[in-house]
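Biologist: Could you take a close look at one part of this model for me, the domains of one chain and what they share? I would be glad if you then followed the thread outwards from there.

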Amino acid sequence: MIAIALLLGSTLTQIQAQKIKGSDTCLPLTQKEAESYMKSNTKSMVTVTGGGSGVGISALIDGSTDIAMSSRRIKFDEKMKIQDAGKAVKEVIVAYDALAVVVNPQNKVNKLTREQLAEIFTGKIKNWKEVGGADLKIIPYSRETSSGTYEFFKTSVMKNKNYMNGIMSMPATGAIVQSVSQTPGAIGYIGLAYLNKNVKALSVSYDGGKKYVTPSVANAMNKTYPIVRPLYYYYLTKDQKKVMPFIDYVLSPVGQKIVSEIGYVPVK
Amino acid sequence: MDSGIKTDPFVILKNAEMKRFIEKIIEGLLKLSGGVTSIVILLIVVFLFKEGVGLFGNSTIENGYVLSVNTSNPIDRLSPEQVKKIFDEEVTNWKEVGGPDEEIQVFRFEQIFDLYPEEELEGEKLSLRLNEEVAQNRGIIAFLPERYLLPSFKGKILKDERVSVSEFFFGKEWFPTSVPAAQFGMLPLLLGTLLVSFGAIAIALPFGLSVAIYLSEIAHPRVRKIFKPVIELLAGIPSVVYGFFGLVVVVPLIQKGFGLPVGETGLAGSLILAVMALPTIITVAEDAIRTTPRVMKEASLGLGATHWQTIWRVVLPYSVSGIMAAVVLGIGRAIGETMAVLMVTGNAAVMPTTLLEPVRTIPATIAAELGEAPAGSAHYESLFMLGCILFVLTLAISLSVEFISGKKRVNN
């Protein structure tokens, strides 16, 4: 009995426990990484929870998580809050997520410029014939305001302008794929990993129509595809020793292979 | 001695005392649990309203930020709507908002990092550069964090606009995350909720009532034995499953059936909610109909009335208050439903005109937005305020149920 208790005690002290919290975009990736990491390092314990980028970073500030996952860069305010608490934060890019703009497969339009996309989502362009398609009303689908993807699309494509009043907002990416596949005039944006044959991805140009690039992992990796965002891990410098083994694992060739398997774009 | 059975009066007394004692304890426990439940419910309501009321008086501009213009600009306040239009570049000249004939130049704090490399903005320098930007451009409107403003800041800071009661209740635009000025117009959400709920009742009532009459008056007891559990099973299906079914099956049907550009409409929400409200309506209405005294029915039949005449003239008038209660409970179920509606109505915050347009309901809004609203912000408090409105709606509904069933007792 005593021997067992001692054994248990000693293993418990050796187990490296760490908590990771934040963006739901990073969640599937980090979960997969944690599973495989725990298989090769039986002494460590990684718990991963979602909740959103903002939730993760505020958990990092109040110390209830060791790593915050975020699909956006830490905001200036959040950084100041950490500094005010006398701590410093470090940033690591673990993967890239590319957004594909998708339409119904019946739609004849194959490419759009950033300006056209911005005007469609702000409600200035209302019919597909204005951008070279059929005479059909455009139905833009957006994610809900709580989603990191919503903010990213707004910053990158719409240059911080607001979405049109009364845009369709869907609670999940899967719902956008479903709706775009069954609505002829629909247009929406989804993570590259969610692309399937039920929707058609558009080529996008960020230089006013000189060069259109199709969304693909290869194009995202060689930086020609423009709607790409980094996925970040944030940790406090004082926790460096504790979190580095896991972050190194994610950045290793094995970890980056998992990144491609999940459908994101590897860093290296 | 008599038989062995204990007849000692002392023992009987003791048993009775024990019983009374146990009864007292049980009584006390019941009282306690009732009291605790009531207090908890009361506390939840107080909390809800406390958080919600905080909205009024909260700034529409994010905490710690200010809007600033050049000192030569005569404008010293802008409504949130004007600010939004300016930052969306829908208003591009100051004269459109009552200022001089000058091009508006929008400046967000992050833009300073495009103008200068980060090393040149360390410490005090950042504040100096921001100061310069605002002082030098006559048409500028800048959105800046307060902490980087020097005491000698050479710009005019616009007056802080508070969220007003009328703006919240009668505003028609819901842009809670719009930066710099959020818009909290809840009218489209309230109308959307009411439209979808009453649409659902309009669909569910005829079906629910016919099924209730059929089950209680016409159906063979054996049929009834099979039907009743099946209907109650409907109530057991998780609402997200209804939502998923709605998105994949009902939405495309509506889109093709009505030739609409988009299938996610209020009608899709009403249909799904109608199916979800049916079990409530059927069960309550059926119970009400079955309470009609046998004597009344037999008297009617005995006078030569047909079965149908008896149902129409005797049974239904007798149970009308119970049926009303069923309707109101059904509406209550529909108003508060979240997940199914979130998935099928498209969640577009527009003023609804017909059932064939996308709508956004209050529960769906709270569910979709609360996760990322920073605690204590105007957005967070506005969601609590929406919760208060929902609470008042459902309270009104349960009060009217009380009123209706109370009236029945008087009639008797």
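Modeller: Happy to! In this predicted model, the centres of domain 2 and domain 3 of chain B, taken over C-alpha atoms, are separated by 50 Å. The domain assignment places domain 2 at 65–165 and domain 3 at 187–411, with domain 1 at 1–53.

What links these two domains is the largest nonpolar core, which has 153 residues. Domain 2 and domain 3 of chain B both give residues to this core, so it lies between them. Helix 9 of chain B, residues 266–290, gives the most to the core, with 16 residues. The residues with the most contacts inside the core are Ile272(B), Leu273(B) and Ile281(B). As background, nonpolar side chains in soluble globular proteins tend to be buried together.

Ile281(B) is a good place to zoom in. Setting aside neighbours within four places in sequence, Ile281(B) is in contact with Ala204(B), Leu205(B) and Gly208(B), and also with Ala326(B), Val327(B) and Gly330(B).

For contrast, look at helix 7 of chain B, residues 221–236. This helix is hardly covered, as the count of buried residues among its 16 residues is zero. Its geometry still checks out: at 1.5 Å a residue, helix 7 of chain B should span 22 Å, and its end C-alpha atoms are 23 Å apart, which agrees.

Moving outwards, we reach the contact between the chains, which takes 33 residues from chain B and 25 residues from chain A. On the side of chain B that touches chain A, helix 8 (239–258), helix 13 (339–344) and helix 14 (362–369) each supply at least two residues. Helix 8 of chain B gives the most to that side, with five residues. By class, the side of chain B that touches chain A has 17 nonpolar, eight polar and eight charged residues.

Over in chain A, helix 2 (residues 27–40) is worth a visit too. Its 14 residues should span 20 Å at 1.5 Å a residue, and the end C-alpha atoms are 20 Å apart, which agrees. The buried residues of helix 2 of chain A are Leu27(A), Leu29(A), Thr30(A), Glu33(A), Ala34(A) and Tyr37(A). These residues cover an arc of only 155° around the axis, which puts them on the same side of helix 2 of chain A. On the other side of this helix, Glu35(A) and Lys39(A) are exposed.

Key: Residues are numbered from 1 along each chain as its sequence is written. Chains are lettered from A and ligands numbered from 1 in the order in which they are written. This is a predicted model: local features need pLDDT of at least 70, side-chain atom pairs count only at pLDDT 80 or more; totals for chains, interfaces and linings use all residues. Two residues are in contact if their C-beta atoms, placed from the backbone, lie within 7 Å. Helices (H or I, at least four residues) and strands (E, at least two) are DSSP runs, numbered from the N terminus. Ala, Val, Leu, Ile, Met, Phe, Trp, Tyr, Cys and Pro count as nonpolar, Asp, Glu, Lys and Arg as charged, and the others, Gly among them, as polar. A nonpolar core is a set of buried Ala, Val, Leu, Ile, Met, Phe, Trp, Tyr and Cys residues joined through C-beta atoms within 7 Å. A residue is buried if 20 or more other C-beta atoms lie within 10 Å of its own, exposed if 12 or fewer, and partly exposed in between; C-beta atoms are placed from the backbone. Domain bounds come from an automatic or database domain assignment. The expected span of a helix is 1.5 Å times one less than its number of residues. The arc is that of the directions from the helix axis to the C-beta atoms.
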